[in-house]
Amino acid sequence: MALTANAEALLRVSEVTKTFGGVAAVDGVSFSVRPGESVGLVGPNGAGKTTLFNCVCGQLRPERGTIELNGRSLNGMATFERARLGIGRTYQRVEVFSDMNVRDHLIVSVRARWRQGRLWRDLCNLSKPTADERERVDAVLDLVGLSDRADTSVSALGLGSCRLVELARALIAEPVLLMADEPSSGLDVHETRELGAVLRQVQRDQGMAMILIEHDLEMVAEVVDRTVVMNLGQVVAEGHFDTVMADPIVRSAYLGLHE
Amino acid sequence: MQHLLGFGIPGVPYGCTYALVAVGLVLTYQATGVLNFAYGAQAYLSAFVFTYLVQNQHLPVGVAFVISVVILAPAVGLILDRLLFRKIAPANVIAKLVTGISMLVGIPAVLSVLFTTSNQYNPPSILFDPNVVYFHLVGTPINGIAVTCVVATAVTLIALVVLMRWTNLGLQMRGAVESRRLIELDGVNSGRVVASAWAISGFIAGLAGVLLAPIYGQLQFSDYAALMVAAFAAAAWAVLRSLPVAVLVGILMGITVTVLQGYLPVGSIWSSAALTSLPFVVLVGALLLVPGMRTLGQDKDPLASVDPPPPPIAAAVRAPEFDRVIKILWYVLLVAFSLSMLTWMPKIWENVFNAGLAYSVVFLSITLITGMGGQLSLCQATLAGVGAFTAAQVADRLGANLLVGALVGALVAALVAVVLATASVRLRGLGLALMTIAAALVFDNAIFAQVATIRGQSINVTSSSVGFGILNPNGRAFFVLAMVVLSVCVVLVLRVRNGSIGRFLGAMRGSSTAASGIGVNLTWMHVLVFGLSGAVAGLGGTLLAINQQAVNTQTFSWSFSLVFVVVVVTTGVSTPEGAIQAGFSFVVLQQLLTYVPSRLGGNSLLVILFAFGALTYVAHPEGILEFQKRRWTMRFERLLLRNRTSSTDISGPDAGATAGDGQLARVAADSDPALDR
């Protein structure tokens, strides 16, 4: 399988393997992402895409292989440390903080990213949201279209809104790499198109890199610069979206089409 | 070898009862996802009724067995299922634990109220005569108790293995632990499956209870509580999954205890402390070494998202105008209370309220760890004891004032909590609860006994050791001290809750996965909240000791840790007001019960009130007082602000009664979140 050997890589994943009970969910996967690049990670269910995400974020420890961000090895690094290096993430199964409102989701993200939470500041009553934090929160909420829900508890939001909260929570931390795991899942066609537009705009404005796991291939085609296709834990194709989708192996493995 | 076997064989009957209870715990967990803390109480109940029927009502052993074990024990299991556990959402680990704990403390209390004494002597054996030696094994006489235990355990285990592995009901039970709602979609009557599991596990509890009773010679609840720890340890090594492993570890523990008893010098610290701590050490070993225990209790139900979101606290839903009114009322109440305490309050009620203030400080530590940290600690009374004993020892050895000792005590309690948190850093939910109860029992058995005396005398708090006239019976200095300590603690807790750390803890409660994903250091938060909670508990412990003018092991025993949790969750664990209400309810009810004739139960009645009060936690996880506050707040709000749009969000169990205004209207565009997600 082709390994994108790129000296300027922001993220470099090399020969990563993760097994569950002897079954290789990710099997020797290698690929890289350049700064500001948008990469689509597609493949059938069970291909190992989310497992790979979990390995990159540190929620799973791979048995083999190395993962580097900006030339720095992430192996052995805890999830929160990777987040503080600028890896932002949304989840396949939505993960929100159930007894918080939308605004607090973003404030907690900012403070965790830049290690601003200090016990002594809390005890001295110096932890109220600053004007700068409020401004940034308002800007991001405006971007994702949640301004009118800022003070709503996430328990009262539907799935689509919760996905936007997840995205806003990741974006406000100004990630160098955003990893979005099926962000359109649960959204209708119109919302999906809007989400795609937001992702494109944010990526362009902030210059961040992005890896997008998505089953909506139309959205992938619109958003990403390059596509990586996985099947049975391995990378089976890599390149421009149209090119890889024309690849017979991909059509056979992913789309079930045989030439 | 002869010696080893000679010492080990008498341990087999003990091991059999450990194994039986462990198997019952595993069975209940497998079928229902509940680690049943009430199991020891269920066993004790059957043993008590069995012994009572034989000794007091002179019924034949067989008839008493049928009534107490075949009928009563499964019935209790069914009642627990039908009235309590079935109503708890699968993901709500804390509600399951609290419900079990409330039954663990409530059932023995009910017995002591219904019957004049809860202790009975020479309980009978169900099968073979305890006074007859049936044969010798490697020179060891085997009497009727041993034969009964082994035979009954073997028959029960074989029947269970057959049930679980080769019957349709067993298959359905194994499916139910994953998601009872999911197997229902496959056409299985999950209610019947789960009820069967509760009935069978209830029967096993009853059987273990009557088997254990004649071994000890005296029927007392403390033996059944110790049995629970041993069974927890065996079940933990089996990851609450494997019946054979649970049996093996249970029997090995029984044998190890008697072997150590044989080899360790009689009267040494090893035989007194280490031996009694063995089950706790085995339990801690399982929690630290068995990977499956780290994720135990974490929700695996694919349909968990259909559960409604947790109800909000009253303060989160009231309108800003009303918020100001409530705050003013609080200040008025505080001033009125303080003036009353300093002027006209009768001595008897002054003492009661002073004790309430001290308990409130201890209970604030539960607000920190459970309300804010989202974890259940079952050793808060122990941490309070660490603070109190340290304060007393420091004051005595350094000749310092006890108030200085209190600060050192708080620091040491915080350190103990930090060590405990560090050791249990990978544990959450069930695993952490077990770890903390094990720690509490180790302190009770091995450590507190060593520090509970000074120069061979029990520790009394005197006026000279505290100073400032705090113990002057005609002064009000203790009230001022307790108010200052409580106020400082409340302000600090509120600042943490409203600050960054509170937000991080809120994120952890909501989703630890996402919290770490945004950069929250879960380990540090876990250790920090334990440390803070330990410091507050330690401070409260010394305050309690000063109030009681003594530092003794009874005040800080492990059972009080359970009672404290039950009391606080009954009133409201999410807010400092909840802790204060719990502290005052605890002592005021105690005082009111002194006016009730003692034959009606005395302090047992108090435990019963809170134990059954805690059962409301199932319906109102925010606490019954917090629930009532929210309800009344919204009623007043509707009355006073009728013509205005409320800014409230009223998701929760009572949402149906009050829906229609506030945020719900604004989020109406969103589909029903419970169904949608």
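Modeller: Let's start with a term: two residues are in contact if their C-beta atoms, placed from the backbone, lie within 7 Å. This is a predicted model, where local features need pLDDT of at least 70, side-chain atom pairs count only at pLDDT 80 or more, and totals for chains, interfaces and linings use all residues. Residues are numbered from 1 along each chain as its sequence is written, while chains are lettered from A and ligands numbered from 1 in the order in which they are written.

Biologist: Thanks! What share of the contacts in chain B with a separation of 6 or more comes from residues 24 or more positions apart?

Modeller: Such pairs account for 77% of them.

Biologist: What makes helix 10 of chain B mostly covered?

Modeller: A residue is buried if 20 or more other C-beta atoms lie within 10 Å of its own, exposed if 12 or fewer, and partly exposed in between, again with C-beta atoms placed from the backbone. In helix 10 of chain B, 14 of the 17 residues are buried, so the helix is called mostly covered. For chain B as a whole, 54% of 677 residues count as buried.

Biologist: Why is residues 221–237 of chain B called a helix, and what span is expected?

Modeller: Helices (H or I, at least four residues) and strands (E, at least two) are DSSP runs, numbered from the N terminus. Helix 10 of chain B has 17 residues, so the minimum of four is met. The expected span is 1.5 Å times one less than the number of residues; for helix 10 of chain B that is 24 Å, and the first and last C-alpha lie 25 Å apart, close to it.
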